[in-house]
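Visitor: I would like to learn how the words used for a protein model are justified. Could you take me through them slowly?

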Amino acid sequence: MEAVIPTEVKIPLLRIIQEAKLSNVNWVCHQIEHLALIDEKRMTDICHGQLYYQRMSCAFNKRVRPRMFEVGQLALKHIFPHQDEYKGKFAPNWQGQYMVLKVLFGDALILSEMDGQEWLKPIKSDAVKRYYL
């Protein structure tokens, strides 16, 4: 017996056809049926992927708290490990008092310090939390 790769059994090559003694007409009909089923398999895979994405996003969004900011509110900014202000694991996680100057599209904020100095870069609202006096 000769070794055959599993893909050759699923998609028969010329030598498999000759060993099985299939006629070319039967092989062509079988390939056309196989190609017709490929579209159905693709559609079921796409539907399955979309359903999986919806379930994952629904499970994630259950725990997400939207943070809505308005102009004039006070906020604290999160200090990320790659920033210069980061001093180690015992340093505070939140920085200063800032005021929200503008609320941009896509939950981005433009902050200003309490003395009125405006930040040039917008910051995502995920990295900011409200500050209550």
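Guide: What follows is a conversation about a predicted model, in which values are set against definitions.

Visitor: What makes up the secondary structure of the protein chain?

Guide: The protein chain has 3 helices and 5 strands, and if you read along the sequence you meet them in the pattern α-α-α-β-β-β-β-β.

Visitor: How are the strands arranged, and what is their order in the sheet?

Guide: The 5 strands form an open sheet with antiparallel pairing, and their order is β4-β3-β2-β1-β5. The edge strands are β4 and β5, the latter covering residues 128–130, and each of them pairs on one side only.

Visitor: How do you know that β2 and β3 pair?

Guide: Two strands count as paired if at least two bridges are found between them, and β2 (residues 94–104) and β3 are joined by 6 bridges in the antiparallel sense, so the pair meets that requirement. Individual partners can be named as well: Tyr98 is bridged to Glu113 in β3, Met99 stands opposite Ser112, and Val103 has Leu109 as its partner. The hairpin of β2 and β3 has 3 residues between the strands, and in this hairpin Gly106 takes a positive phi near 85 degrees.

Visitor: What makes β3 and β4 a pair?

Guide: Strand β4 (residues 123–124) is joined to β3 by 2 bridges and runs antiparallel to it, and since the requirement is at least two bridges, the two strands count as paired. Ala108 has Lys124 in β4 as its bridge partner.

Visitor: How many bridges lie between β1 and β2?

Guide: There are 4 bridges between β1 and β2, which pair in the antiparallel sense, and Leu74 has Met99 in β2 as a bridge partner.

Visitor: Why is Lys77 called buried?

Guide: Lys77 has a relative accessible area of 3%, and buried means under 20%, so Lys77 is buried. Its place is in strand β1 (residues 74–78). Leaving aside neighbours within four places in sequence, Lys77 is in contact with several residues, among them Gln83, Tyr98, Trp119, Ile123 and Ala127.

Visitor: Why is Cys47 called partly exposed?

Guide: Its relative accessibility is 39%, and because partly exposed covers the range between buried, under 20%, and exposed, over 50%, Cys47 belongs in that class. By the same cut-offs Cys58, at 45%, is partly exposed.

Visitor: How many disulfides does the structure hold?

Guide: The structure holds 0 disulfides. A disulfide is a covalent bond between the sulfur atoms of two cysteines.

Visitor: How much of strand β3 is buried, and how much of the protein chain?

Guide: Strand β3 (residues 108–113) is mostly covered, with 5 of its 6 residues buried, while buried residues make up 18% of the 133 residues in the protein chain.

Visitor: Which residues line the largest pocket?

Guide: The lining consists of Lys77, Phe80, His82, Gln83, Trp119, Lys121, Pro122, Ile123 and Ala127, and the volume of this pocket is about 150 Å³.

Visitor: What makes 2 residues of that lining charged?

Guide: Lysine is among the residue types that count as charged, and the lining includes Lys77 and Lys121, so these are the 2 charged residues, beside 5 nonpolar and 2 polar ones.

Key:
Residues are numbered from 1 along each chain as its sequence is written. This is a predicted model: local features need pLDDT of at least 70, side-chain atom pairs count only at pLDDT 80 or more; totals for chains, interfaces and linings use all residues. Side-chain values use heavy atoms; hydrogens and water are left out. On a 1 Å grid over the protein atoms alone, a cavity is a set of points where a 1.4 Å probe fits but cannot get out, and a pocket is an open set with protein on both sides within 12 Å along at least five of seven lines; lining residues have an atom within 4 Å of a point. Grid points are joined across faces, edges and corners, and a volume is the space filled by probe spheres set on the points. A disulfide is a pair of cysteine sulfur atoms within 2.5 Å. Buried means under 20% relative accessible area, exposed over 50%, partly exposed in between (1.4 Å probe, protein chains only). Contact means heavy atoms within 4.5 Å.
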